[in-house]
Amino acid sequence: MKVTSARRILVCLSSLILSFEAGACVAQAGVRRLGFFEGQTDIGAVSPPGVGTYDAGNGVYTVAAAGANLWTTVDAFHFAWKKVSGDVSLTADMAFPSTKGNPSPHRKAVLMFRQTLDADGVYVDAAQHGSGMTALQYRRERGVTTQDIELNIESPRQVRLEKRGDTITMFLSNHGEPLHQVGASIKLHLDGTFYAGIGVCSHNSEVVETATFSNVKLEKPAETTAQPVLFSTLQTIGIEDNFRRAMVVATGPGRMEAPNWSKDGKTLIFNRDGHIWAIPAEGGPARMINTGAATNCTGSHGLSPDGKWLAISCSMPGKPETRVYIVPSDGGEPRLLTQNPSSYFHSWSPDGKTIAFTRPNHAGGGNILSIPVEGGVETALTTGSGISDDPDYSADGKWIYFNSDRAGGLMQIWRMRPDGSGAEQVTSDEFNNWTPHPSPDGKSIVIVGYDKDVKGHPTNKDIALRILNISDGKVRVLVNLVGGAGTDNVPDWAPDGLHLAFVSFQMLPEGDSGPSQ
């Protein structure tokens with residue numbers, strides 16, 4: 001609906017009547033109470049002013065607001081809030097009561113923790129869209145682009161946003177089952193006192209949308225003495241700087257690792273519980289790939305350039321050490337490729353004729369080798385007692401990118417010719433950089449960056465997936481997460497060169513799991 005002057009008058013009159021009848025407070029002063037919330041205000045440019053009301057008899061909050069968006073670098077929405085600190089949990093049933101006219105599928109009702117009331121402030125929210133999509137949205141620093149973790153589901157019945165230390169997790173109940181984690185969890189620091197509350201954005205500056213919030217609870221999270229349980233979440237993400245949206249493909253307790261993308265972009269391949277699995281890239285049931293007698297398969301696997309073959313790093317009866325085997329991509333009997341033990345696949349050459357792999361040594365180092373796909377003599381591409389690891393061919397086959405500590409100090413990204421000659425350093429910064437993977441379009445390289453004080457290639461650490469622009473050498477952070485070993489051990493680009501697959505890890509209280517794939 002177009003907002004005219006008459007419409008503004010009607011909105012104001014309606015809000016006054018509602019305030020009188022329900023004992024609610026209309027919110028533009030930013031300090032008047034609304035139920036148990038201490039105040040309410042418009043964040044950013046919202047016209048006409050947003051309205052919040054509270055039906056004390058039914059315990060229902062109603063928020064009506066316009067607002068261009070709750071995304072990018074600045075926000076425009078109406079927010080009812082209470083100042084809090086420490087660990088906190090905010091739960092509500094959110095709904096859009098009206099579907100008349102042409103409501104935007106991007107209108108949002110949110111549960112939010114926000115550092116300040118500035119339009120470009122740091123925040124995290126559990127956002128329910130008009131389309132039914134639910135997402136954990138967040139802005140890590142003031143004025144930077146919002147990121148999110150999306151779930152392609154119908155509107156949940158109940159949503160919870162929970163903060164424990166710097167870990168913030170979204171929980172859902174879709175059909176009345178107990179609230180459970182859904183793979184949407186991040187690390188974000190909120191300093192001292194911050195704001196917890198509910199909000200609405202119409203996603204159209206000239207349209208007012210309304211959402212209701214019932215069964216609203218703002219409380220401290222329940223204390224637990226249970227040991228934290230490891231959860232894994234398989235995600236995909238776009239790499240465009242202004243569109244960094246991650247989609248949850250699968251989540252559950254235990255460890256998933258090392259996704260590869262199929263050549264048609266429809267399937268992800270990963271390892272779990274010593275087996276290799278395939279799952280639709282849009283989410284759905286996972287199926288185990290038949291690898292015959294091969295067991296204890298690791299996160300070192302990958303599809304051939306034509307998509308017909310899958311290299312795996314597993315054990316076999318009588319050969320308990322890890323070796324590289326090849327099976328048909330849809331499953332079958334494994335063919336031994338590397339005769340020598342402690343061999344881990346990393347990359348196929350673009351022509352499909354050669355495989356690069358690694359072999360660690362007992363002193364904590366390791367080197368890179370290559371072998372013809374049909375078998376034969378191994379060729380050592382690196383030597384020495386240090387670490388040279390995670391080789392991956394460039395799309396044109398002219399380079400192998402890898403990480404190495406050969407220069408002393410931090411782990412950095414290097415590249416060499418396919419025969420091991422001409423090694424040159426690519427990165428030199430204050431990160432420990434691992435697992436470089438060139439994109440299929442030859443424009444970018446994704447790398448895992450650890451803090452400079454982290455030793456080795458551990459898992460369950462605060463890391464950054466970083467994108468190196470090959471043309472100018474500049475590196476930017478794509479997404480921060482808890483991960484490391486298992487996040488992207490092997491080539492993980494989509495065929496379009498614009499999306500990546502990765503695995504993040506969460507340590508959550510036992511009992512928070514939802515249905516796993």
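Two strands count as paired if DSSP finds at least two bridges between them. Keep that rule in hand for this tour of a predicted model.

**Stop 1: a hairpin**

Select residues 344-348, strand β27. Then add residues 354-360, strand β28. The two run antiparallel and share four bridges, so they pass the test of at least two. Now pick Phe-345 in β27. Which residue of β28 is the bridge partner of Phe-345? Phe-357 is. Next, look at the link: five residues lie between the strands of this hairpin. Click Gly-352, which has a positive phi near 75°. Is β27 largely enclosed or not? Count its buried residues: four of the five are buried, so the rest of the structure largely encloses this strand. Buried here means under 20% relative accessible area.

**Stop 2: an open sheet**

Zoom out and find the sheet of seven strands. Trace them in the order β2-β3-β16-β7-β12-β13-β14. The sheet is open and its pairing is antiparallel. Which strands form the edges? Select 51-55 for β2 and 180-187 for β14; each pairs on one side only. From one strand to the next, the twist averages 25°. In general, strands of a sheet pair through backbone hydrogen bonds.

Stay at the β14 edge. Select residues 167-173, strand β13. β13 and β14 are antiparallel, with five bridges. Click Phe-171, and look across to Gln-181 in β14, which stands opposite.

**Stop 3: two cores**

Show side chains. The largest nonpolar core has 60 residues. Select Leu-111, Phe-113, Met-170 and Phe-213, the residues with the most contacts inside this core. Met-170 falls within β13, which covers residues 167-173.

Centre on Phe-213. What is in contact with Phe-213, leaving aside neighbours within four places in sequence? The list includes Val-60, Tyr-61, Met-94, Leu-111, Ile-198 and Val-200. Gly-59 and Asp-93 are among the contacts too.

Then move to a second, separate core of 15 residues. Among its members are Leu-230, Leu-234, Leu-268 and Ala-494.

**Stop 4: the whole chain**

Select everything. The protein chain has one helix and 39 strands. Its C-alpha atoms fill a box of roughly 85 × 45 × 45 Å along the principal axes. The radius of gyration is 26 Å; for 517 residues a compact globule would have a value near 24 Å, so the two agree. Of the 517 residues, 53% are buried. Colour by surface to finish: the chain exposes about 21,200 Å², and carbon and sulfur atoms supply 51% of that area.

Technical notes
Residues numbered from 1 in each chain as written. Predicted model: local features only at pLDDT ≥ 70, side-chain atom pairs only at ≥ 80, totals over all residues. Heavy atoms only, no water. Axes fitted to C-alpha atoms, helices over the stretch in contact; angles between N-to-C directions. Core = buried A, V, L, I, M, F, W, Y, C linked by side-chain atoms within 4.5 Å. Buried < 20%, exposed > 50% of the residue type's maximum accessible area, 1.4 Å probe, protein only. Contact = heavy atoms within 4.5 Å. Rg over C-alpha atoms; globule rule 2.2 N^0.38 Å. Areas by Shrake-Rupley, 256 points an atom, 1.4 Å probe, with all protein chains shown as cover.
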